[in-house]
Amino acid sequence: MPAETRIQNLDISIIIDTILMKSAEKILAQMQRNPKGVSFKDLCKVCDQYFGKPRLSGTSHRVYQTPWLGDPRVNIQSAKGKAKPYQVRQVLLAIARLEEGNEYRD
């Protein structure tokens, strides 16, 4: 692949990552304002952004790995297309903990 094509692909990748991050930040702000009004799809976007791909994803459940000891997972599930409010709050706590960066595993 020519160098120019690689640079164009890299530029597109950076743009896509920036758009996804902005989208996840907007959803995160919505989650903080109203945990009851979050769609499961939006919660998945935020979890994908902060925790990476889920280690388990079934029809209604997704389990994400977290970098700390103890109970190192975030488990979310769909309730008729909506995220469960208590799981939204758990995700918010996990993101706060992740941003603190205190308890990483080796």
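In this predicted model, helices α2 and α3 run roughly parallel to each other, because the angle between their axes, about 20°, falls under the 35 degrees that sets the limit for this class. Helix α2 spans residues 40-51 and helix α3 spans residues 85-100. Their axes lie 11 Å apart. The crossing of the two helices is left-handed.

The contact between these helices draws on named residues from each side. Helix α2 contributes Leu43, Val46, Cys47, Tyr50 and Phe51. These meet Val88, Val91, Ala94, Ile95, Leu98 and Glu99 of α3. By class, 10 residues of the α2 contact with α3 are nonpolar and one is charged. No polar residue takes part in this contact.

Helix α3 also borders the largest pocket, together with strand β3 (73-79). The space in this pocket amounts to about 220 Å³. Its lining consists of Trp68, Asp71, Arg73, Val74, Asn75, Gln90, Leu93, Ala94 and Arg97. Both β3 and α3 supply at least two of the lining residues. The largest share, four residues, comes from α3. The lining is mixed in class, with four nonpolar, two polar and three charged residues.

Ala94 appears in both settings. In α3, Ala94 belongs to the set of residues that meets α2, and Ala94 also lines the largest pocket.

Key: Residues numbered from 1 in each chain as written. Predicted model: local features only at pLDDT ≥ 70, side-chain atom pairs only at ≥ 80, totals over all residues. Heavy atoms only, no water. Axes fitted to C-alpha atoms, helices over the stretch in contact; angles between N-to-C directions. Parallel < 35°, antiparallel > 145°, perpendicular 65-115°, else oblique. Left-handed = near helix turned anticlockwise from the far one by under 90°. Contact = heavy atoms within 4.5 Å. Nonpolar A, V, L, I, M, F, W, Y, C, P; charged D, E, K, R; others polar. 1 Å grid on protein atoms, 1.4 Å probe; cavity = no way out; pocket = protein on both sides within 12 Å on 5 of 7 lines; lining within 4 Å. Points joined across faces, edges and corners; volume = space filled by probe spheres on them.
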